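Colleague: I would like a close look at a single part of this model. Please start with the chain as a whole, then go to one helix and end with a cavity.

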Amino acid sequence: MNNLSSFTALDSNPLSTPCSFGAQHHRPVLLQRSRNTVVCSVKPLVATPSSLSLSGSPNQGLNRIESLTQVSGVLGCQWGDEGKGKLVDILAQHFDIVARCQGGANAGHTIYNAEGKKFALHLVPSGILNEETLCVIGNGVVVHLPGLFKEIDGLESNGVSCKGRILVSDRAHLLFDFHQIVDGLRESELSESFIGTTKRGIGPCYSNKVIRNGIRVSDLRHMDTFPQKLDDLLSDAASRFQGFEYGPHVLKEEVEKYKRFAERLEPFIADTVHVVNEAISEKKKILVEGGQATMLDIDFGTYPFVTSSSPSAGGICTGLGIAPRVLGDLVGVVKAYTTRVGSGPFPTEILGQGGDLLRSAGQEFGTTTGRPRRCGWLDMAALKYCCQINGFSSLNLTKLDVLSDLPKILLGVAYKQKDGTPIKSFPSDLRDLEQLEVDYEELPGWESDISSVRNYSDLPKAARQYVETIEELLGVPVHYIGVGPGRDALIYK
């Protein structure tokens, strides 16, 4: 059980409506229908909570997984760190291919094997622990080769075979060490308005891709032109940043290093657009693993406090080269509360001791950076927005066990302006996000350890009420509930 028994009067965002456990709120309408407006229906898209089976039997879990479409995806619903890797690892046993489509080593997916051994993955897809699964790193991913080789070496040293099981797109862009240096220099320039990136070089690498002077994996096959391309990038960085040191010896060392990398990477390089589409035509099953999450999407997230790629559904097609019509079920992964790393608006953030207690109970520290995550109540307004954009067929609610010691739980169900005017959609303007207030609905806690529960019907009534309230507000069923980090700590609903 978690040490949250004193978690009774938490500091909420001072810009939001104060959270009082004694206050009761009517559930407001999150989004109202109007002509010529597309909204996420308040009616369940698949089934009502009452019609969903209360059984969590192994057969039901198998049926849930096997009913997923030929091409399915697992995407984050919040600001990342929702626990996507665990679900991908479990589902991968029933898919032929697991593919990453965007992002880079800024993703941090923690998974456990059957013996409970922990693996922290950043570039390698989370299906790697399943021996029959082919792992694809798609064209939309930016690849840091030293990091990739380190992951592969770590997996191999722990008995996980990677030979012939990982393919890297020849169209994927290479992320160099200098991109990471530039990332840090850029953050320093921004001073107090810094983004709070992982400093893994993701933004600078995507910048080179977009201005069309990046270096792709396929360029490693042409070492006659590779040095000049790399020199152009390094010279540009040196001219832009005063603290960036560059000279002929640096170029020579990098070129020699990448000649060795090219030789080692060659067996992994493939035209993954062809591979994936051939697999689709052969009726093989493909699972797409998203990195980061929709609220960090370059278009739909809390810009500019976002990542540099598209972690929402649209990024699947552009990041793998597959047609929208082949994409089927999308499972949204959402934590039972909300966290985010780095700067940016966070309407339901819990400040002070309350946030510290939740962070400690949930072990909320970044897989990639180790940074402490900011913590808050589940934000249903933001979550509904994510459901609109992605069209999730079901949800995976993770870390429900972390809330086990709370006597009462708050759900942020709607946004409003300071004068009480309802905000009908998720604001794009940072000022609006910083000034809005949140309406909360108070739900009873269950105050008991649920980490050993494996059947939905065995959950405490209050825990089921929490899950079903989320389903009702979103109109999307919760099919998977995480109650611990291990593979077996999953309830099928």
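Modeller: This is a predicted model. Of the chain's 493 residues, 58% count as buried. Its secondary structure comes to 13 helices and 22 strands. Among contacts with a separation of 6 or more, 78% are between residues 24 or more positions apart. The accessible surface is about 20,600 Å², and carbon and sulfur atoms hold 49% of that.

Now helix H13, residues 461–474. Its end C-alpha atoms lie 20 Å apart. That agrees with expectation, because 14 residues at 1.5 Å a residue should span 20 Å. The buried residues of H13 are Ala462, Ala463, Tyr466, Val467, Thr469, Ile470, Glu471, Leu473 and Leu474. Glu471 and Thr469 are thus listed as buried along with Ile470 and Val467. Their cover includes helix H11 (380–390) and several strands, among them S16 (378–379), S17 (394–398) and S18 (408–416). Strands S20 (437–444) and S21 (478–482) also belong to that cover. After H13 comes glycine 475, with a positive phi near 75 degrees.

Two of these covering elements, S16 and H11, lead on to a cavity. The structure holds 2 cavities of 30 Å³ or more. The second largest has a volume of about 40 Å³. Cys77, Gln78, Trp79, Met295, Thr338, Leu378, Asp379, Ala382 and Leu383 line this second largest cavity. S16 and H11 are the elements that each give two or more residues to its lining. By type, the lining divides into 6 nonpolar, 2 polar and 1 charged.

Note on methods:
Residues are numbered from 1 along each chain as its sequence is written. This is a predicted model: local features need pLDDT of at least 70, side-chain atom pairs count only at pLDDT 80 or more; totals for chains, interfaces and linings use all residues. Side-chain values use heavy atoms; hydrogens and water are left out. Helices (H or I, at least four residues) and strands (E, at least two) are DSSP runs, numbered from the N terminus. The expected span of a helix is 1.5 Å times one less than its number of residues. Buried means under 20% relative accessible area, exposed over 50%, partly exposed in between (1.4 Å probe, protein chains only). Contact means heavy atoms within 4.5 Å. Accessible areas come from the Shrake-Rupley method with a 1.4 Å probe; for residues, only the protein chains shown count as cover. On a 1 Å grid over the protein atoms alone, a cavity is a set of points where a 1.4 Å probe fits but cannot get out, and a pocket is an open set with protein on both sides within 12 Å along at least five of seven lines; lining residues have an atom within 4 Å of a point. Grid points are joined across faces, edges and corners, and a volume is the space filled by probe spheres set on the points. Ala, Val, Leu, Ile, Met, Phe, Trp, Tyr, Cys and Pro count as nonpolar, Asp, Glu, Lys and Arg as charged, and the others, Gly among them, as polar.
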